[in-house]
Amino acid sequence: MDSSRVNQSPLLSVRDLRVSFGAHEAVRGISFAIAPGETLGLVGESGSGKSATSLALMRLLPPVAHVQGSITLDRQDLLALDERAMRRLRGAGVAMVFQEPMTALNPVMTVGRQIAEALLAHAPRTSRREVRERVLAAMREVALPEPERRINDYPHQFSGGQRQRIVIAMAILNKPRLLIADEPTTALDVTVQAQILALLKRLREEHNLAMLFISHDLAVVSQVADRVAVMRHGEIVEQGAMLDVLTQPKHSYTRSLLASVPTMTTDRERPLATV
Ligand SMILES: Nc1ncnc2c1ncn2[C@@H]1O[C@H](COP(=O)(O)OP(=O)(O)OP(=O)(O)O)[C@@H](O)[C@H]1O
Ligand SMILES: [Mg+2]
């Protein structure tokens, strides 16, 4: 953890965010901030409002959703931006990686073409040659094997972990300052999950990327987050430095989440040291 971040003004600031779907209040007035380069983990059980929160930040909720509160990124009020300005911000200012990479990929378009389109959406005048170079560089950056040979392959020709690498390559291509990762490793098996976490950590360091890392799994969150917010029934019941929350949880719900993480509480060989 880098204590110098504490003194920086936040990159993202969310105040009293509320999201409702008709009469159902999915998010009930939550507040949090993320400093430049910092990773905030958002953890909570299924249905607690994590994805509603992340989609509200990207302004990607369906029209039926009613959003209140304030969301500022670099002092820009996201809820006040028109759709055109918001499109410009998506990708270039804030980007998102979802749980299931296939939902973010077009199955009938080569991965090279898709990465190129993500680039051209924000830099339409890039020359053909430079587009190809930057696509290959992006594939290399996320450690996709043999980029020159695979650039014209389709998503289904890649493994699940490789597909998530492609999505991450597209997400960081336009150098966003904030990456929202909503359960980015949940669909992957444990080994691949660890590799994707390692990739996100490396990219975060290399690009000074701030991250909102969402998971229902506190053990996963504890591997990447500087701070953590614990969400339950649409509210943040507790937030603080990762280590403090792990070692001195204040809320009974956080304690129950900790209890369901066997390696942290019962494995005496590897107590909280895995953090
Ligand atoms: N488009 C929608 N229309 C109506 N209700 C919705 C919609 N999206 C989410 N909800 C409701 O909002 C609540 C929060 O859902 P959300 O997807 O944010 O949970 P989550 O914490 O991301 O859960 P999970 O861990 O399963 O992904 C749930 O009760 C859900 O049913
Ligand atoms: Mg979700």
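These questions and answers go through the sheet, one helix and the nonpolar cores of a predicted model.

Trainee: Which strands stand at the edges of the open sheet, each with a single partner strand?

Mentor: The sheet has six strands in the order β6-β7-β8-β3-β9-β10, with mixed pairing. A strand at an edge has a single partner, so one side of it is left without a neighbour in the sheet. The strands in that position are β6 (94-97) and β10 (235-241).

Trainee: Which residue in β9 is the bridge partner of L40?

Mentor: Strand β3 covers residues 39-43, and strand β9 covers residues 227-232. The two run parallel and are joined by four bridges. In β9, the partner of L40 is R227.

Trainee: How many of the 13 residues of α7 are buried?

Mentor: Buried means under 20% relative accessible area. Among the residues of α7 that meet this are G161, I166, I168 and I172. Helix α7 is largely enclosed by the rest of the structure, because the buried residues number 12 of the 13.

Trainee: Which helix or strand gives the largest share of the largest nonpolar core?

Mentor: This core has 52 residues, and I166 and I168 are among those with the most contacts inside it. I168 touches residues including V97, V142 and L203. The core draws at least three residues from each of domain 1 (3-93 + 176-259) and domain 2 (107-173). Its largest share, seven residues, comes from α7.

Trainee: How many residues are in the second, separate core?

Mentor: Nonpolar side chains tend to be buried together in soluble globular proteins. In this model a second core, separate from the largest one, includes L12, L61, I71 and M96. Its number of residues is 35.

Methods
Residues are numbered from 1 along each chain as its sequence is written. Chains are lettered from A and ligands numbered from 1 in the order in which they are written. This is a predicted model: local features need pLDDT of at least 70, side-chain atom pairs count only at pLDDT 80 or more; totals for chains, interfaces and linings use all residues. Side-chain values use heavy atoms; hydrogens and water are left out. Two strands pair if DSSP finds at least two bridges between them. Buried means under 20% relative accessible area, exposed over 50%, partly exposed in between (1.4 Å probe, protein chains only). A nonpolar core is a set of buried Ala, Val, Leu, Ile, Met, Phe, Trp, Tyr and Cys residues joined through side-chain atoms within 4.5 Å. Domain bounds come from an automatic or database domain assignment. Contact means heavy atoms within 4.5 Å. Lists of a residue's contacts leave out its neighbours within four places in sequence.
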